[in-house]
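The following exercises concern the predicted model shown below. Each task is followed by a solution that proceeds step by step.

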Amino acid sequence: MNAQTTALLLMLTGLLISSGCHAASEESWRVNNDLSKLSFISIKAGDIGEVHSFTRLNGTIDSDGQVDVSIDLTSVETLIPIRNERMQEFLFETGAFPAARIAATLEAAAIAGLNPGDVRVQAVEATLTLKEQTIPLTMQLIAAKVGENRLVVSSLQPILLNAGAVGLSEGVEKLRDIAGLPDISQAVPVTVVLTFER
C-alpha cells in the first residue's frame with residue numbers, strides 16, 4: 001500500500017469523536033466544518049428515501065498521525081424540526097451519547113510527502129464508536145490535496161451501516177411506531193466529504 005495513499009485516505013477515517021478532540025498544533029490538520037458534509041439516507045415504507053445530514057463536524061489529524069474527528073449528533077438535520085428532535089431523543093439518545101467517533105492512526109511523515117494536485121483512491125480500515133458500540137469500518141475513499149494547506153477527502157461509494165450493529169435498532173423501531181410506518185430500513189447508506197486545513 002502506498003504510504004501517501006494511506007495517509008490521505010485515513011484522514012476521512014476520522015469522522016466522529018465526542019467532545020474530546022485533541023488540541024491542534026501548528027502541524028495539525030483540522031476539519032473545516034463549513035466545507036464538510038456528512039449525509040445519510042433513511043428508507044421507509046419500502047421505497048421512500050430521504051437524505052439527512054449533520055451540520056457540526058469537528059476533528060484533527062495531529063502531528064503524530066492520530067486521527068480524531070467527531071460528529072455532533074445533536075446537529076442532525078432532516079428539514080423537519082420535530083423529526084430532528086425525535087431522532088435526537090429516540091434514535092441517538094443524545095442526552096447520554098452526544099457524539100459518535102471514528103478513529104485511526106497514520107504515519108505523520110506520509111502527509112508531508114503529498115503535493116498539491118495529488119489524488120488517491122484507497123480502501124481504509126477504521127473503527128466507529130456510537131452509543132458505546134464499536135465496529136470496524138472499511139471505506140472506499142478518494143482524496144485530493146487541493147492546496148498547500150487544504151485536503152479534501154470524500155467517499156468514493158456509500159458507506160453502508162447497519163443500525164443494529166451500532167445500537168440503533170430500538171430507536172429505529174420507536175421512530176417507525178411514532179410515524180405509523182410499516183417499516184424503516186435498518187440499512188443506512190452514508191456519504192461524506194471532509195475538508196481538512198492547517
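**Exercise 1. Describe the surroundings of serine 75, beginning with its side chain.**

Solution. Step 1: a polar atom of the serine 75 side chain lies 3.1 Å from the backbone nitrogen of arginine 56. A polar contact is a pair of N or O atoms within 3.5 Å; within protein, one must be able to donate a hydrogen and the other to accept it, and residues adjacent in sequence count only if both atoms are side-chain atoms.

Step 2: the residue belongs to the loop between β5 (66-72) and β6 (76-77). Helices (H or I, at least four residues) and strands (E, at least two) are DSSP runs, numbered from the N terminus.

Step 3: serine 75 counts as buried because its relative accessibility is 4%. Buried means under 20% relative accessible area, exposed over 50% and partly exposed in between, with a 1.4 Å probe and protein chains only.

Step 4: when residues up to four places away in sequence are not counted, serine 75 touches Ser53, Phe54, Thr55 and Arg56. Contact means heavy atoms within 4.5 Å.

Conventions. Residues are numbered from 1 along each chain as its sequence is written. In this predicted model, local features need pLDDT of at least 70 and side-chain atom pairs count only at pLDDT 80 or more, while totals for chains, interfaces and linings use all residues; side-chain values use heavy atoms, with hydrogens and water left out.

**Exercise 2. Summarise the protein as a whole: how many helices and strands are there, and what percentage of its residues is buried?**

Solution. Step 1: the protein contains four helices and twelve strands. Step 2: of its 198 residues, 45% are buried. Step 3: considering contacts between residues at least 6 apart in sequence, 69% join residues at least 24 apart.

**Exercise 3. Characterise the largest pocket by its volume and by the classes of its lining residues.**

Solution. Step 1: the volume of the largest pocket is about 660 Å³. On a 1 Å grid over the protein atoms alone, a pocket is an open set of points where a 1.4 Å probe fits, with protein on both sides within 12 Å along at least five of seven lines; lining residues have an atom within 4 Å of a point. Grid points are joined across faces, edges and corners, and a volume is the space filled by probe spheres set on the points.

Step 2: the lining comprises 40 residues, of which Phe40, Met87, Leu91, Phe92 and Val188 are the closest to the pocket centre. Strand β2 (residues 37-44) gives the most to this lining, namely six residues.

Step 3: by class, the lining has 32 nonpolar, four polar and four charged residues. Here Ala, Val, Leu, Ile, Met, Phe, Trp, Tyr, Cys and Pro count as nonpolar, Asp, Glu, Lys and Arg as charged, and the others, Gly among them, as polar.

**Exercise 4. Which members of the largest nonpolar core touch the most other members?**

Solution. Step 1: a nonpolar core is a set of buried Ala, Val, Leu, Ile, Met, Phe, Trp, Tyr and Cys residues joined through side-chain atoms within 4.5 Å. Step 2: the largest such core has 41 residues, and Phe54, Phe92 and Phe196 touch the most other members. Step 3: strand β9 (residues 133-147) supplies the largest share of this core, five residues.

**Exercise 5. Is leucine 79 buried or exposed, and what is its phi?**

Solution. Step 1: leucine 79 is in the loop between β6 and α2. Step 2: leucine 79 counts as exposed because its relative accessibility is 71%. Step 3: although leucine 79 is not a glycine, its phi is positive, about 75 degrees. Most residues other than glycine have a negative phi.

Step 4: a positive phi, near 50 degrees, also occurs at glutamate 93. Glutamate 93 sits in the loop between α2 and β7 and is partly exposed at 34% relative accessibility.

**Exercise 6. Place leucine 151 and glutamate 148 relative to residues distant in sequence.**

Solution. Step 1: leucine 151, in strand β10 (residues 150-155), is buried, with a relative accessible area of 0%. The C-alpha atoms of leucine 151 and threonine 195 are 5.7 Å apart, although 44 residues separate the two in sequence.

Step 2: glutamate 148 lies in the loop between β9 and β10 and is partly exposed, at 45%. Glutamate 148 and glutamate 197, 49 residues apart in sequence, have a C-alpha to C-alpha distance of 9.1 Å. Leaving out residues up to four places away in sequence, glutamate 148 touches Trp29, Pro116 and Arg198.
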